[in-house]
Amino acid sequence: MNHYTMKTAGMILFRPIRRCSSQAAKVGPLAGVRVLDMSRVLAGPCCTQILGDLGAEVLKLERPGAGDDTRAFAPPFLPKASGKPSEVSAYFAAQNRNKASMTLNYTKPEGQEIVRRLLKSSDVLVENFKTGTLAKYGLSYNDLKDEFPSLVYCSITGFGQTGPYSARPGYDALIQAMGGYMSLTGEPDGEPMKVGVPVHDLFAGLHGVVGILAALRHATATGEGQHVDIGMLDVSTAMLANQASNYLATGKVPQRLGNHHPNIVPYQVVPASDGFFILAVGNDPTFERFVQVCQRAAPDAGAEKLLQDERFNAAAARTANRKLVTETCNAITKQRSVDWWLTELEAASIGCSKIQSLEEVFQDPHVLSRDMVIEMPVEGLDKPAKLVGSPYKFSRTAVSYRRSPPQLGQHTEELLTDIAGYESGEVEALRKKGIV
């Protein structure tokens, strides 16, 4: 990328993005980009793993002796061939492939010097400490921007770098509550419910990637780095999508609808004779096809009359008469099995699905055909570990899986000597002082 940027006579001079050989390009579209990763837990590591999958070289800095918090988020652990657990947390393995691990005590001056040496050849720094933490150690964006003017510095925090909540810690469940998601999720008469996956950590990590790529594009063109400030509450607010727009347009607070859609009916879980399935009728032509399938499912139900009924034959009317439409459709869907409905609805190009467990997801032939389950050798395991693959599919620069989730400090000496420029004796001295 653009290292050692200098300003001379009002001009910005910088090294253009490194050109990669065709062999290096096989690493991924971000081959040649180096990322210094000071993040931990989920939002930051999610961001940097995506960058690593896309070909960036990611240097993960971890606390000596403890490492990333998620190394201790267990059980479960990755299994050995015998079936017994290894010492590698499944949680840690989920977000930390394609990274080299180095232990570093950045709270000490020697540790801060190591960070600066690594930044001389780095394009990006990612951190997700509470706002103001790294400023205590001279490693905030403002501390580094003049020394490294082309650096893209990404901070992922709960509430961003400014505002009345900026000093607060951010957690996914907290953001789900503060961001309104728990008011929208769950049954109408039930308690507020969070989503079963830490979506706001993951959304924030993904938005971090987008911001970094945009800032890298600017840095490549101008030599100017910048601070990418990602707040989880900002991201969650943006991701409210149609629910936010519904509220802003009407002033009416959306209520929990269980498995129903606020703007489309029927678009929900529906009952069959032997279970449940998802039905997605997104528009009027699709509803007409659904009625035709209903006629075959229950010839005596009079489904064809629905197309002449003003409460059913237009999308807005179906939403306004949600209870009636739901009860009428459910009475028909209960008369056939899940498999019958899936076969008939798919033949009519109507969105539908059975409700799958994770076991079924990872046995799904489509999921497997898209390489969404991969195997990687992991240090300390005597068999390859199964991990979730990258969703990015490129026609020329495919993602690559080059490094398995690392052992704590596995690459410390390599990074200190090869990148930071320390001699072996200096590395040993740093170890004795507890810096690495």
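**Notes on a predicted model: sheets, pocket, cysteines and backbone**

1. Strand S12 (residues 275-280) and S13 run antiparallel and are joined by four bridges. Strands count as paired if DSSP finds at least two bridges between them. Helices (H or I, at least four residues) and strands (E, at least two) are DSSP runs, numbered from the N terminus. One position is easy to look up: phenylalanine 277 faces lysine 354 in S13.

2. Some ground rules for reading on. This is a predicted model, in which local features need pLDDT of at least 70 and side-chain atom pairs count only at pLDDT 80 or more, while totals for chains, interfaces and linings use all residues. Residues are numbered from 1 along each chain as its sequence is written, and side-chain values use heavy atoms, with hydrogens and water left out.

3. S12 and S13 belong to an open sheet of three strands, in the order S11-S12-S13, with antiparallel pairing. Strand S11 (267-272) and strand S13 (351-354) are the edges; each has a single partner strand, so one side of each lacks a neighbour in the sheet. On average, neighbouring strands of this sheet are turned by 30° against each other, direction ignored. Axes here are lines fitted to C-alpha atoms, for helices over the stretch in contact, and angles run from 0 to 180 degrees between N-to-C directions.

4. Which helix lies across S11 and S12? Helix H13 (residues 322-333) does, running at about 40° to S11. Threonine 326 sits in H13. Threonine 326 is buried, at 11% relative accessible area. Buried means under 20% relative accessible area, exposed over 50%, and partly exposed in between (1.4 Å probe, protein chains only). Setting aside residues up to four places away in sequence, threonine 326 touches His260, Val265 and Gln268. Contact means heavy atoms within 4.5 Å.

5. There is also an open sheet of six strands. Its order is S7-S4-S3-S8-S9-S10, with parallel pairing. Strand S7 (99-103) and strand S10 (226-231) form the edges; each has a single partner strand, so one side of each is without a neighbour in the sheet. The twist averages 20° from one strand to the next. Strand S4 (residues 57-62) pairs with S7 in the parallel sense over five bridges. Leucine 59 has alanine 100 in S7 as its bridge partner.

6. Helix H8 (residues 199-222) lies across strand S8 (124-127), strand S9 (152-157) and S10. Its direction is at about 165° to S9.

7. H8 also helps line the largest pocket, as do helix H2 (43-53) and helix H3 (90-94), each with at least two residues. Which helix gives the most to this lining? H2 does, with four residues. The lining has 24 residues, and Gln49, Ala94, Gln95, Leu202 and Val388 lie nearest the centre. The pocket holds about 740 Å³ of space. On a 1 Å grid over the protein atoms alone, a pocket is an open set of points with protein on both sides within 12 Å along at least five of seven lines, a 1.4 Å probe that fits but cannot get out marks a cavity instead, and lining residues have an atom within 4 Å of a point. Grid points are joined across faces, edges and corners, and the volume is the space filled by probe spheres set on the points.

8. Aspartate 53 lies in H2. Aspartate 53 is buried, with 3% relative accessible area. Beyond its neighbours within four places in sequence, aspartate 53 has several contacts, among them Val27, Arg97, Asn98 and Tyr401. One of these, asparagine 98, lies in the loop between H3 and S7. Asparagine 98 is itself buried, at 2%. Its phi is positive, about 55°, although it is not a glycine.

9. Other backbone points deserve a look. Aspartate 371 also is not a glycine and has a positive phi, of about 60°. Aspartate 371 is in the loop between helix H16 (365-369) and strand S14 (373-376). A cis peptide bond joins alanine 74 and proline 75, with omega about 5°. A cis peptide bond also joins proline 75 and proline 76, again with omega about 5°. Proline 76 is in the loop between S4 and S5.

10. How many disulfides does the structure hold? Zero. A disulfide is a pair of cysteine sulfur atoms within 2.5 Å. For cysteine 47, the closest cysteine sulfur is in cysteine 154, 5.2 Å away, too far for a bond. For cysteine 352, the closest is in cysteine 294, at 12 Å, also too far. Cysteine 47 is buried, at 0% relative accessibility. Cysteine 352 counts as buried at 17%.
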